Amino acid sequence: MDRLWGILVLGPILRDHVEPRLHSALGFIPLFGPPSTTGAGIFTAIVVLTIMILPIVSSITRELFSACRAS
């Protein structure tokens, strides 16, 4: 469900506002090639997966810091 939200809501925002700016500034790098016309591309997938993994990484980091402080 999270990925569907990312494609339906975040995809058009990235397509209309973020991707054209990245393409104009960093278009010479193959990763920032031509902007997606549908909003469902590699860049949108990267952003959605980054948002999804952030709580996991922060939780593991917090547990690690609390374990180091306790010992």
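How many salt bridges does a search of the whole structure find? The search finds 2, and the views below visit both pairs along with other parts of the protein. This is a predicted model, in which local features need pLDDT of at least 70, side-chain atom pairs count only at pLDDT 80 or more, and totals for chains, interfaces and linings use all residues. Residues are numbered from 1 along each chain as its sequence is written, and side-chain values use heavy atoms, with hydrogens and water left out.

**View 1. The whole protein has 2 helices and 0 strands.** Helices (H or I, at least four residues) and strands (E, at least two) are DSSP runs, numbered from the N terminus. Along the principal axes, the C-alpha atoms fill a box of roughly 50 × 30 × 15 Å. The radius of gyration is 17 Å, whereas a compact globule of 71 residues would have one near 11 Å. That radius is taken over C-alpha atoms, and the globule rule is 2.2 Å times the number of residues to the power 0.38. Of the 71 residues, 14% are buried. Here "buried" means under 20% relative accessible area, "exposed" means over 50%, and "partly exposed" is in between (1.4 Å probe, protein chains only).

**View 2. Helix α2 covers residues 42–70 and bends at Ile53.** This helix has 29 residues and reaches 42 Å from its first C-alpha to its last, close to the 42 Å expected at 1.5 Å a residue. The expected span is 1.5 Å times one less than the number of residues. At Ile53 the helix bends by about 30°, and the proline Pro55 follows within four residues. The bend at a residue is the angle between axes fitted to the seven residues ending there and the seven starting there. Look along α2 for its buried residues, and you will find Thr44, Val47 and Val48. Phe43, also in α2, is partly exposed because its relative accessible area is 25%. From Phe43 to Ile56 is 13 residues in sequence and 21 Å in space, C-alpha to C-alpha.

**View 3. Arg15 and Asp16 meet in a salt bridge.** Side chains of opposite charge can pair when their charged atoms come close. The term salt bridge is used for a side-chain nitrogen of Lys or Arg within 4 Å of a carboxyl oxygen of Asp or Glu. For Asp16 and Arg15, the N to O distance is 3.1 Å. Asp16 has 46% relative accessibility, so this residue counts as partly exposed. Arg15 counts as partly exposed too, at 25%.

**View 4. Arg62 and Glu63 form another salt bridge.** Their side chains meet at 4.0 Å, N to O. Is Arg62 buried or exposed? Arg62 counts as exposed because its relative accessibility is 57%. Its partner Glu63 is partly exposed, with a relative accessible area of 46%.

**View 5. Six residues make a nonpolar surface patch of about 580 Å².** They are Leu4, Trp5, Ile7, Leu8, Val9 and Ile13. Patches are made of residues with over 30% relative accessible area and no salt bridge; like charges are joined within 9 Å, and nonpolar side chains (Val, Leu, Ile, Met, Phe, Trp, Tyr) within 5 Å. Accessible areas come from the Shrake-Rupley method with a 1.4 Å probe, and for residues only the protein chains shown count as cover. One of the patch members, Val9, lies in helix α1 (residues 2–26). Val9 has a relative accessible area of 38%, so this residue is partly exposed.

**View 6. Leu10 and His17 both have their place in helix α1.** Leu10 is buried, with a relative accessible area of 15%. Although Leu10 and Val48 are 38 residues apart in sequence, their C-alpha atoms are 8.1 Å apart in space. His17 is partly exposed, at 49%. His17 and Pro55 are also 38 residues apart along the chain, and 25 Å separates their C-alpha atoms.

**View 7. Thr37 sits in the loop between α1 and α2.** With a relative accessible area of 70%, Thr37 is exposed. His23 is 14 residues from Thr37 along the chain, and their C-alpha atoms are separated by 13 Å.
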